Amino acid sequence: MAESTGTEERGIRFTLEEIAGAVGDFGTIFPILLGVAIVCPDVNVSHFFLFVAAWFIITGLYYRLPIPIEPMKAIGAVVIAEGLCAGEIVASGIIVGVLFLAIGLVGGMAWLEGRIPRSVIRGVQAGLALLLLRTSLGYIVADPLVAVLAIAVIVAFFIASQRTRIPDISALLVLIIGLVAGIVVQGMPPFRLMPLPELIIPALPDFIAGTWDLVLPQIPLTIANAILATSLLTYDLFPKKGVDPDRLSRTIGAMNLVSTPLGGFPMCHGAGGLAAMYRFGARTGGANIIAGLFILIFAVAFAPPEVLTLIPFGVFGGLLVFVALELGKHSAKTESYLVTGVIAVLTLVVGLTVAFIVGMVLAYALERWGKVGAPRS
């Protein structure tokens, strides 16, 4: 985690450092959105990118800090693993939008903070990691040569970014290489304007399935990582401009209520994304605006659905491996390996929602019996 310099950055700037920081979190954004688009032919990935771009810019102007916009990982992982439809995705976004807007308006984050054991949150992260690994292996087996090349590029950039201030743009580079290779083999796709977003009204079964399959596993991750951990990190990095957790909850609620009914993917903030952007030089909302403009280019580029078919499956396999490893790394920071391990295994066997419920019961039972100490987040 980056440390505060003790000085406050003010205003919105557009410098080389802000540009480098702008792409610091792209490794999370692209694999999940493109993975969802591959398994769900009834979604429009250009609209995913469009709304992520719009909210990057809006958030940069509103907070004037590099507050990242990320696809919701639990929802993305389950959709990719299970191939759920657009109706369930939209329904889940509406539900989380209403929920987190309401929580933020009544100041409920402090109350929720102590109710979900950290070992349960780590278990959800571990379960998501296993789901993504299982999916990525299917892509890797289908296209092993490209997958190995993609992984090699990602590893090289990861090592370089750890030892130098070179930003980790591996996800962006791997995607561009994949697109170029696809164009060479298949030819240039036809140019099409991005279709205007249309209102999507989910059916009642979509709301039921979206709540059970997607919303329940996402809630603890959003509370812990997207809101509480992100808020804490803003105070670490920008002591005089830190962002209150209920304020973050309100923006998460607003952007999902506005975007998902028009075809956007459920979105949140993220402490890891903030740390990545800060590490590579982002200090103001200028980095957000730059990131939004970059992603808007992808929204236009991916308007023809044929573009997705250009990217080799091995590219998706390589990218998803590292999203899974990132989640798995954080899941190891748990107070109870028993709770976390049970949730991870049950996620593969019976699904994430059942695993979450069982994990909550087990964590509270162990706490009651005195076998683990105060596992609150």
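Q: A residue lines a pocket if it has an atom within 4 Å of one of the pocket's grid points. Going by that, how many residues line the second largest pocket, and which lie nearest its centre?

A: This is a predicted model, and in it 16 residues line the second largest pocket. Leu179, Val300, Ala301, Phe302 and Val307 are the ones nearest its centre. Two or more lining residues come from each of helix 9 (170-186), helix 13 (286-301) and helix 14 (306-310). The space in this pocket comes to about 250 Å³.

Q: Which helix gives the most to that lining, and how do its residues split by class?

A: Helix 13 does, with four residues. As for class, the lining has 15 nonpolar residues and one charged, with no polar ones.

Q: Why is helix 10 called oblique to helix 17?

A: Start with the angle: helix 10 (residues 204-237) and helix 17 (residues 352-368) pack at about 45°, with their axes 8 Å apart. Roughly parallel would need an angle under 35 degrees, and roughly perpendicular starts at 65. The value fits neither, so the pair is oblique. The crossing itself is left-handed.

Q: What makes the contact of helix 10 with helix 17 count as having one polar and one charged residue?

A: Look at who meets whom: Trp212, Asp213, Leu216, Pro217 and Pro220 on the helix 10 side, against Leu352, Thr353, Val354, Phe356 and Ile357 on the helix 17 side. The tally is eight nonpolar, one polar and one charged. Asp counts as charged, so Asp213 is the charged one, while Thr353 falls among the polar residues.

Q: Why does helix 2 count as oblique to helix 9?

A: Helix 2 (residues 26-39) and helix 9 pack at about 40°, their axes 7 Å apart. The roughly parallel class takes angles under 35 degrees and the roughly perpendicular one begins at 65, so helix 2 ends up oblique to helix 9. Phe26, Gly27, Phe30 and Leu34 of helix 2 make this contact with Ala171, Leu172 and Leu175 of helix 9. That gives six nonpolar residues, one polar and no charged. The polar one is Gly27, because Gly is put in the polar class here.

Q: How do helix 4 and helix 7 pack, and what makes three of their contact residues charged?

A: Helix 4 (residues 73-82) packs on helix 7 (residues 118-142) at about 35°, with axes 9 Å apart, and the crossing is left-handed. Helix 4 brings Lys73, Ala74, Ala77, Val78, Ile80, Ala81 and Glu82, and helix 7 brings Leu128, Leu131, Leu132, Arg134 and Thr135. By class that is eight nonpolar, one polar and three charged. Lys, Glu and Arg count as charged, so the three are Lys73, Glu82 and Arg134.

Q: What makes Pro167 a contact of Phe157?

A: Contact takes heavy atoms within 4.5 Å, and Phe157 touches Pro167, along with Asp168, Ile169, Ser170 and Leu173, leaving aside residues up to four places away in sequence. Phe157 itself is in helix 8 (residues 144-163).

Methods:
Residues are numbered from 1 along each chain as its sequence is written. This is a predicted model: local features need pLDDT of at least 70, side-chain atom pairs count only at pLDDT 80 or more; totals for chains, interfaces and linings use all residues. Side-chain values use heavy atoms; hydrogens and water are left out. On a 1 Å grid over the protein atoms alone, a cavity is a set of points where a 1.4 Å probe fits but cannot get out, and a pocket is an open set with protein on both sides within 12 Å along at least five of seven lines; lining residues have an atom within 4 Å of a point. Grid points are joined across faces, edges and corners, and a volume is the space filled by probe spheres set on the points. Axes are lines fitted to C-alpha atoms, for helices over the stretch in contact, and angles run from 0 to 180 degrees between N-to-C directions. Angles under 35 degrees count as roughly parallel, over 145 as roughly antiparallel, 65 to 115 as roughly perpendicular and the rest as oblique. A crossing is left-handed if the near helix is turned anticlockwise from the far one by less than a right angle, and right-handed if clockwise.
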